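User: Could you take a close look at the aromatic rings in this model and tell me how they pair up? I would enjoy one connected walk through them.

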Amino acid sequence: MTEWIEWRQCPFRFKDANEIHVWLLPVEHSERFMPFLSADERHRAQKFRVPSARAQFVVSRAALRLLIAAYCQLDPAKIQFKLNSHGKPYLENHPIFFNVSHSYDWALIGLSPKFEIGIDIEKMRPDLNLPQLAGRFFSADEVEQLNSLPSHLYAEGFFNAWTRKEAYIKARGKGLAIPLSGFSVSLKPSEPAVLKSTEHDPQALQQWKLSEIPAPQGYKAALVVRSSRFNIKHWSGKELFKLKNNSYA
């Protein structure tokens, strides 16, 4: 069982270029995170009409600022994100790659000193029409994999695929310029996370690797890294808003 190490034990640096840090945070205490947002982000947060959506935005965005500030020795409020042509944020002049995901009560942040990464977490919602969604967004191979599963494993297989596909799309940083149905991932609960095939880039199978991330009960999560060799450290970001007052910051 994977141990999520408490954030106060984190050195806020990478052991080597192959180390990936994944942070798991509960979406709570959003008011304590609000001061770490930029003025523009605070303005955006106020526009959310649904409190839960506002909390997800505030916690994940502020936590990203706090973490990048700690790793790169920056002032959280002065970090300026840039966007690529497809809307993926990045940081100029600092050697760190990052990606963020949130779903209901949890947020995930992935950090790397060298490699492009993508991360995704999803709540396994019982109210969704999973076969309909699979038929609309999944490849023929993935639909076939799903249909081969016993009924009690169908939802787990679906969300394995969904998180892995979302993480891959986010890692590539091209948005839906890469169709979700244009590549296939493994999804059976008994099999490791693998990028099986692509229509858009024959070299992707060698360049991009998938990893399942242990998630809270009722959730699924995945990480995609542009490297064949990497090690993952798992950190708990519970009460990360206290980081600013800690000697690490």
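Analyst: Happy to. By the ring-centre rule, the count comes to 14 aromatic pairs, in what is a predicted model. Take Phe48 and Phe57 to begin with: their ring centres are 5.4 Å apart and their planes meet at 35°, a tilted pair. The tilted label fits because planes under 30 degrees apart would count as stacked and those over 60 as edge-to-face. As for surroundings, Phe57 has a relative accessible area of 8%, so this residue is buried. Phe48 comes to 28% relative accessibility and is therefore partly exposed, given that buried means under 20% and exposed over 50%.

Phe158 and Phe159 give another pair, this one edge-to-face, with 5.1 Å from centre to centre and 80° between the planes. Phe158 is buried at 1% relative accessibility, and Phe159 is buried too, at 3%.

Beyond these pairs, there is a cluster to look at: Phe12, Phe14, Trp23, Tyr71 and Trp235 join in one aromatic cluster.

Rings also meet charges here. Lys165 lies over the face of Phe183, 4.0 Å from the ring centre. In a similar way, the charged end of Lys123 sits over the ring of Tyr104, at 4.7 Å from its centre.

For some backbone context, an open sheet of five strands runs in the order 1-12-2-6-5 with mixed pairing. Within that sheet, strand 2 (residues 19–26) pairs with strand 6 (residues 106–112) in the antiparallel sense, over six bridges. Val22 has Gly110 of strand 6 as its bridge partner.

Technical notes: Residues are numbered from 1 along each chain as its sequence is written. This is a predicted model: local features need pLDDT of at least 70, side-chain atom pairs count only at pLDDT 80 or more; totals for chains, interfaces and linings use all residues. Side-chain values use heavy atoms; hydrogens and water are left out. Two strands pair if DSSP finds at least two bridges between them. Helices (H or I, at least four residues) and strands (E, at least two) are DSSP runs, numbered from the N terminus. Rings of Phe, Tyr and Trp (its six-membered ring) pair if their centres lie within 6.5 Å; planes under 30 degrees apart count as stacked, over 60 as edge-to-face and the rest as tilted. Buried means under 20% relative accessible area, exposed over 50%, partly exposed in between (1.4 Å probe, protein chains only). A charge sits over a ring if NZ of Lys or CZ of Arg is within 6 Å of the ring centre and within 35 degrees of the ring normal.
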